[in-house]
Amino acid sequence: MSRFVCGLSVFFVLLTACAGQAYAGVVEGLALDEIAVADGPVTRIVAAPGDDTRLFICVRDGQILILNRKTQVWNDDPFLDISDQITTQYGEQGLLGLAFHPDYQNNGRFFVWSTLPEGDGPGDTVLMEFLRDGDDPDYAEEQGERVLVVAQPAQHHHGGWMAFDGDGYLLLTTGDGGGGNGGPPRAQNITDGRLLGKMIRIDVDGDDFPTDPTRNYSIPPDNPFVDVEGDDEIWAIGFRNPWDGSIDPETGDIFIGDVGKSSWEEVDVLISGTPGAANYGWRCLEASDCTGYSGCECDDAALIAPLWAYEHSLEPERCSVIGAQVYRGCSMPSMQGLVVTTDMCSNELFLLDWSPAEGLHEVLNMTDDLGGPSMSIPTVLGTDARGEVYIGQFHGVILKLVPAKPTQKQGDINCDGAVDVTDLLLVIGAWGSCDGCMEDVDGDHQVAVAELLLVIADWG
Ligand SMILES: [Ca+2]
Ligand SMILES: [Ca+2]
Ligand SMILES: [Ca+2]
Ligand SMILES: [Ca+2]
């Protein structure tokens with residue numbers, strides 16, 4: 001049986017959300033599967049649009065590696081190595097973010113967030129654009145171009161979750177600049193031009209600043225501070241270190257795991273359709289606790305409470321929320337719409353069941369019920385192109401969240417629960433060489449007899 005976190009009295013912020021709504025059985029039988037080990041702390045796990053085979057794994061020191069998720073074999077060479085272009089002097093510096101352009105298959109453009117070996121502080125953060133090699137999808141060109149630089153006053157809280165939203169604009173989270181709480185309340189400052197403690201939203205297909213070589217993007221016209229006081233790049237504010245998150249491909253809801261200070265961790269949701277300028281309350285609020293720090297008023301009704309918050313001072317001790325990954329995968333239909341999150345110190349895995357209308361229904365602590373290897377210092381969550389969830393860890397081990405008893409048939413190419421003529425026609429239609437296509441079940445870049453035999457063997 002799963003341990004119901006919301007039954008613990010310390011989670012007072014959840015009590016109203018936890019009444020009723022039994023969810024028994026829905027998420028039983030989960031397991032972790034070790035699929036690969038990277039050489040260093042894993043900072044992102046990302047799939048490129050339209051590529052069902054490759055997983056792009058960021059390692060903190062500056063490499064993007066390609067893992068064939070089907071064969072679980074690494075490419076010999078990195079997709080991109082920018083280790084000589086960045087600094088990793090401190091623990092939270094390095095290669096921190098990756099997102100592929102929605103039209104990546106055609107234009108080869110992708111975006112990287114990392115720390116520079118330059119700046120007034122210990123290294124500024126930079127958004128860089130790179131290009132896939134024209135001839136070989138396993139390599140990228142090493143020279144990128146700067147899109148945006150965010151000056152950093154300290155060496156931590158750099159955020160770095162990125163995704164393209166449904167309008168084709170790039171979302172990027174930034175941390176508050178670090179330095180404890182003694183500095184200015186940057187996460188609440190919308191006019192200092194520093195873009196710290198924010199979710200920003202920019203159009204990477206244009207350049208509204210043609211005379212400024214350090215700002216190479218356009219401002220989406222519906223950003224909340226366009227034509228009014230406030231920095232035009234801002235989409236949402238009030239974050240401390242919004243390190244990891246996800247965007248629901250079905251609803252557009254955005255989930256952020258915002259790492260707290262010494263007492264609380266929080267998972268935030270930005271519900272699709274919410275007007276811009278949503279304020280998540282740091283640094284006057286840590287989760288729902290009034291910190292006493294300046295920057296905002298704790299009782300301001302406009303501040304958005306976390307979807308879920310949890311305390312550090314529990315057994316086992318918790319310290320940093322890692323991930324807020326909505327599940328829209330194929331292999332576990334009962335997980336649809338649940339949000340997966342973990343803690344870096346306690347190595348626990350939680351599932352959040354929620355709805356936009358009612359908020360949080362239930363939090364399931366799955367830690368004691370997971371088959372397979374245990375987590376060890378999770379650092380990031382990510383998905384493949386099918387929406388299956390992976391966990392990257394500090395020592396490089398990459399885990400996949402899987403059903404303990406797999407029910408999905410490999411021959412079910414289109415993941416509709418049946419293996420039938422549709423799947424057969426998909427295989428025949430993709431017959432021959434293919435690069436990253438979903439019909440290539442065994443990941444050998446061919447749709448061939450092997451796939452045909454899988455469909456026939458699984459028929460029904
Ligand atoms: Ca420019
Ligand atoms: Ca403005
Ligand atoms: Ca099917
Ligand atoms: Ca194949």
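A residue is called buried if its relative accessible area is under 20%, exposed if that area is over 50%, and partly exposed in between, with a 1.4 Å probe and the protein chains only. By this definition A287 is buried, because its relative accessible area is 3%.

The structure is a predicted model, in which local features need pLDDT of at least 70 and side-chain atom pairs count only at pLDDT 80 or more, while totals for chains, interfaces and linings use all residues. Residues are numbered from 1 along each chain as its sequence is written, chains are lettered from A and ligands numbered from 1 in the order in which they are written, and side-chain values use heavy atoms, with hydrogens and water left out.

**Domains and the place of A287**

The domain assignment, which comes from an automatic or database source, divides the protein chain into domain 1 (3-403) and domain 2 (421-457). The centres of domain 1 and domain 2, taken over C-alpha atoms, are separated by 34 Å. Ten residues of domain 1 are nevertheless in contact with nine residues of domain 2, where contact means heavy atoms within 4.5 Å.

A287 lies in the loop between β20 (285-286) and β21 (289-290); strands here are DSSP runs of E with at least two residues, and they are numbered from the N terminus. When residues up to four places away in sequence are not counted, A287 touches W264, E266, P306 and A309. Its C-alpha atom is 34 Å from that of D39, and these two residues are 248 residues apart along the chain.

**An open sheet of five strands**

Strands of a sheet pair through backbone hydrogen bonds, either parallel or antiparallel. Two strands are taken to pair if DSSP finds at least two bridges between them. In this model five strands form an open sheet with mixed pairing, in the order β12-β13-β14-β15-β19. Because β12 (162-164) and β19 (278-279) stand at the edges with a single partner strand each, one side of each is left without a neighbour in the sheet.

β12 and β13 run antiparallel and are joined by three bridges, and F164 has L170 in β13 as its bridge partner. The hairpin of these two strands has five residues between them, and there G168 takes a positive phi near 85°. Four bridges then join β13 to strand β14 (residues 198-202), again in an antiparallel pairing, with I202 in β14 as the bridge partner of L170. Strand β15 (residues 234-237), by contrast, runs parallel to β19 and is joined to β19 by two bridges.

In a regular strand the side chains alternate between the two faces of the sheet. Strand β13 (residues 170-173) is covered on both faces, with L170 and L172 buried on one side and L171 and T173 buried on the other.

**Nonpolar cores**

A nonpolar core is a set of buried Ala, Val, Leu, Ile, Met, Phe, Trp, Tyr and Cys residues joined through side-chain atoms within 4.5 Å. The largest one has 54 residues, and I57, L127 and L148 have the most contacts inside it. Strand β23 (residues 321-326) gives the largest share of this core, four residues. A second, separate core has 21 residues, among them C58, I66, I86 and Y104. Leaving aside neighbours within four places in sequence, L127 is in contact with residues including L148, M162, L170 and I202.

**Calcium sites**

Donors are N, O and S atoms within 2.8 Å of the metal (3.2 Å for Na, K and Ca), and water is not among the atoms, so sites may look incomplete. The table lists three calcium ions with their protein donors.

| Calcium ion | Donors | Distance |
|---|---|---|
| ligand 1 | D207 (OD), D207 (OD), F209 (O), D212 (O), R215 (O), N216 (OD1) | 2.3 to 2.9 Å |
| ligand 3 | D412 (OD), N414 (OD1), D416 (OD), A418 (O), D423 (OD), D423 (OD) | 2.2 to 2.6 Å |
| ligand 4 | D440 (OD), D442 (OD), D444 (OD), Q446 (O), E451 (OE), E451 (OE) | 2.1 to 3.1 Å |

Six donors count as octahedral if opposite donors are over 155 degrees apart and all others between 65 and 115 degrees; four count as square planar under these same limits, or as tetrahedral if all angles lie between 85 and 135 degrees, and anything else is irregular. The site of ligand 1 is irregular, with angles of 48 to 174° among its six donor atoms, and that of ligand 3 is irregular with angles of 52 to 162°. Around ligand 4 the six donor atoms subtend angles of 45 to 167°, which makes the arrangement irregular.

At ligand 1, D207 is partly exposed at 34% relative accessible area. At ligand 3, N414 is partly exposed at 28%, whereas D423 is buried at 0%. At ligand 4, D440 is buried at 0%, while Q446 is partly exposed at 32%.
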